[in-house]
Amino acid sequence: MVQSKSEFDVWDWLLFGAMLAVSAGIGIFYAFVGGRQKTTSDFLMGGRSLQMIPVAISILVSFMSAILILGTPAEMYTQGTQYFVYLFGLILAVILASQLFVPLLYPLQLTSSFEYLELRFKSKAAKLTGTIMMILQQIIYMGVASYAPSTALEAVTGFPTWATIITVGVVSTFYTFLGGMKAVIWTDVFQSVIMVAGLLAVVIQGTISVGGIDTVWRINDEWQRIEFFDFNPDPTQRHSFWSLIVGGMVGWTATYGVNQASVQRYCALPTLAKAKTAVLLNILGVTLLLCVTCVAGIVVFAYYVEQGCDPYTNKDVSNSNQIIPYFVMQTLGYPGIPGLFVACLFSGALSTMSSCLNALSAVTWKDILEPFLGEKTETQKTWITRILVALYGGAGIGTAFMAMNLGGTVLQASLSFTGAASGPLLGIFVLGAFFPWANWIGAIIGSIFGLVLPFWISIGAYSVVGAPNPLPFPTENCTSPENSTLLTNMTTTTTPVPPIEGVDVLYTISYLWYPSIGTATVVIVGLFVSLITGLTPKDEVDSKYLIPFFDRIFCCLPGKCRRCLRCYIEYEDPEDIKAEKDIEFSVDPDRPVILPIKSEKYREKHQAEPIGGISYKSFYVSENGQNNPGFDTNDAPPSYSDVQENDGGTAKTEL
C-alpha cells in the first residue's frame, strides 16, 4: 500500500544523521591512523599507495553528484528516453581517457595535473592558465552542487535551503581537512552505497506501484516517451545521437582524463596497470548509475500517468527537479525511507564537494604556493594544505549562498560555465600532447579563446527562447485551479514564434557541444598562434610529454604505417618513464649499483666502450653481484662521475 508523508519522522532523522556521522567519523579516523597525514604526499595523494577499487569508486562519485540524482530522472520524465544514449558517450570517454591520458600523466607522478603543462611547454604561465581556469570552475561547481539539491529538498520536505548548504559545506570540509585524500576516498565509497540504495528504493517502489516494468514501458511508449536514435545532424537540436555520443564523449574525456580530481586519484595508485584499470572500472559504475536514474524517471512518469496528474502541471512542484523528492514523500512514507533518499542526495553533494576541496588544495599548493614556501617542513606544508581546504570550503559555501540569493538564472549560468570550462581544459592538454610544434604562447591564447567562446554562447543561450516541449503530460485528474486555464492556453494559443536569425542562431547550439567547441577552439587558435610566433622544433619536446595516438588506438596497424603517422617520433614505454623518475639508490664502494639511464648523452659516451673493464652487456646480466632486470642492452649505463649525492647521503642519477 502506498504511504504518504509530509515531513521527516524520528527514523528518517536517525538514518540521515547516521550518514553524516559516519562521513565525519572517517575523517577523524584517518586523522589519527595511517601516518596521521603528516606529509603532503599522505594528505594530498594518500602516499601513492591506495587501493584500486576504492579509487575507481571515488572517481565515479566525484562527478555523479546530486544534480545527476535529480536531473537525470527529471530529463527522462519530461523529455523521454533519448538521453539514455548519453551512456555510450560516457563509455567511450572512459576508454579514451584510460588509453590516452592515464599513460601520459601517470608515469610523471604528478600531484597537480597542470604540472604537465609546465613540463611540456616549459612555461609557468601555461601552467597557471590551466590552474586558474580550474580553480574558478571548481569553486562555482561546489556552490552549484550544494545549492541545486537544496531547493528540491526544501520544496517537498521542508528541509531549509540554508541548512542544506551549511551542512554539506561543513561536513565535507571537516572530513577532508582532517583525513585528506584517504578520508575522501573512503567516504566516497560509503556514500556510493547510500546513493545506490536511495535510487533503488525509488525504482523498486515505483515499479511495484505501477504493476511491473512491462507496464512502465508500455505506458511510456503510449505517451511517446520511447525514442533512442535521432540521427539529425543539426547542432541546434537539443539532443541527437551525435550530440549525446560525440559531445558527451568529449566532455567526459576531459573529466576522466585531465580533470584534477581524476588525475589526483589515479596517480595515487601504485602501478600504471592499476591506474588504467581504476578508470576503466568506471564503465561499470556509470552504467549502473545512469541506468538506475534513467529507469527512475520513466517509472515515476508511469506512476503519475496512472494517477492521472502530472505534479508539475498541477503546481505541486515548481520545477521538474523536485519531482523525484515529491514522489518519495508521496509513495515511500515508510519509516526511514525518506531519510535514506535525503541521505542519498546529501551523499552526492558531499562526495562532489570533498573531491573539489581535495583537488583545489592540491593545485593551489603545487602550482602557486610551493615555489615560494617549499622550504618549510613537511608538517608545516601539510597544515598549509589543510588551511587551503578550509578556505575553499568557505568559498564553496559562499558561492552556494550567492546562487540562492541571486536566483535561478545565475544557477543556470553557473552550470553552463562549468560545462563550457571543461572543453578548454581538455584542449590545452590535447594541444600539448598531440602537437609537438605547439608553443606556450599558442597554449595560453588558445585557452583564453577556448574559454570565452563557449561561455559567450552559453550566456547568450538564455536570451533565446527554446522550442516548447512537444510531449504530452497526464492532466485529467489534476485539481489545481490554474490547470484548466493552462490547458486552454496550451491548446488555443497560435502566436507564431519569431524566427531566430543572425548571431542569435549561435545561441541555439545544443549545450552538449560546448566542450567540443572549447576544445576545438583551443587547438585551432593555439596552432595558428604557434605558427605566427614560431613553431617549437619537434626534437625539443621530450616524447614522454606526447601521446602516440595511433599506437594506442590503432595498435593493429603495421609498424611502418604507425611510425609514419606519428612523424617518426620514438616513444618510450610509460613504465620505463616511471622507472626513470623513481631511480634512487645508495652507493656502496665495494658493490656499486649500476642503474639504466636513457639519456642520449650517456648513449653517445658509453655505448662504444665498456666502463671499468666490465663489458656493456654484463650490466644487463647479474655479473658483479648485481641483477638489473630493467636494464636493456640498448641502454648505456652511467659512469660514477654521473652520480650525485643529495643532503641525505642518497645518491641519485642525473635525470
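Select C356 to begin: with a relative accessibility of 4%, this cysteine counts as buried, a word used here for residues under 20% relative accessible area, while exposed stands for over 50% and partly exposed for what lies in between (1.4 Å probe, protein chains only). The model is a predicted one, in which local features need pLDDT of at least 70 and side-chain atom pairs count only at pLDDT 80 or more, whereas totals for chains, interfaces and linings use all residues. Residues are numbered from 1 along each chain as its sequence is written, and side-chain values use heavy atoms, with hydrogens and water left out.

Move next to C344, another buried cysteine, whose relative accessible area is 0%.

**The whole chain**

Zoom out and colour by secondary structure, which comes to 24 helices and 2 strands; helices (H or I, at least four residues) and strands (E, at least two) are DSSP runs, numbered from the N terminus. Of the 655 residues in the chain, 55% are buried. Among contacts, meaning heavy atoms within 4.5 Å, those with a separation of 6 or more are made up to 85% by residues 24 or more positions apart. If you switch on the surface, its accessible area is about 27800 Å², and carbon and sulfur atoms hold 63% of that; accessible areas come from the Shrake-Rupley method with a 1.4 Å probe, and for residues only the protein chains shown count as cover.

**The disulfide**

Now select C309 and C478, which are joined by a disulfide with an S to S distance of 2.0 Å. A search of the whole structure finds 1 disulfide, the term being applied to a pair of cysteine sulfur atoms within 2.5 Å. Looking along the S-S bond of C309 and C478, you will find 105 degrees about it, a right-handed link. The two cysteines are 169 residues apart and belong to distant parts of the chain, C309 in the loop between α13 (282–307) and α14 (323–331), and C478 in the loop between α18 (440–460) and α19 (483–492). Are these two cysteines buried or exposed? C309 counts as buried because its relative accessibility is 11%, and C478 is likewise buried, at 14%.

**The nonpolar cores**

Hide the surface and show the side chains of F101, Y116, Y256 and F429, which have the most contacts inside the largest nonpolar core, a set of 151 residues. A nonpolar core is here a set of buried Ala, Val, Leu, Ile, Met, Phe, Trp, Tyr and Cys residues joined through side-chain atoms within 4.5 Å. Helix α15 (residues 337–373) gives the largest share of this core, with 17 residues. Centre on Y256 and list its neighbours: leaving out residues up to four places away in sequence, Y256 touches I59, L60, M64, L90, V94, A97, S262, Y266, N282 and V286. A second core, separate from the one just shown and made of 6 residues, can be found by selecting A461, I509, Y514 and I517, which are among its members.

**A261 and N220**

Select A261 in helix α11 (residues 260–266), where a relative accessibility of 3% makes this alanine buried. Beyond residues up to four places away in sequence, A261 touches F63 and A359. A distance drawn from the C-alpha of A261 to that of S58 reads 9.3 Å, although 203 residues separate the two in sequence.

Go on to N220 in helix α9, which is buried, with a relative accessible area of 0%. With the same exclusion of residues up to four places away, the contacts of N220 are R225, I226, I298, F301 and A302.

**Two positive phi values**

Most residues other than glycine have a negative phi. Q109, which is not a glycine, has a positive phi of about 55 degrees, and this residue sits in the loop between α5 (86–105) and α6 (115–121). For Q224 the positive phi is near 65 degrees, in the loop between α9 (213–222) and α10 (241–258). Q109 is buried, at 14% relative accessible area, whereas Q224 is exposed, at 55%.

**A nonpolar surface patch**

To finish, bring the surface back and select I28, F29, F32, V33 and F174, a nonpolar patch with about 460 Å² of accessible area together. Patches are made of residues with over 30% relative accessible area and no salt bridge, like charges being joined within 9 Å and nonpolar side chains (Val, Leu, Ile, Met, Phe, Trp, Tyr) within 5 Å; a salt bridge is a side-chain nitrogen of Lys or Arg within 4 Å of a carboxyl oxygen of Asp or Glu. Helix α1 (residues 10–32) provides the largest share of the patch, 3 residues. F174 lies in helix α8 (residues 161–210) and, at 36% relative accessibility, counts as partly exposed.
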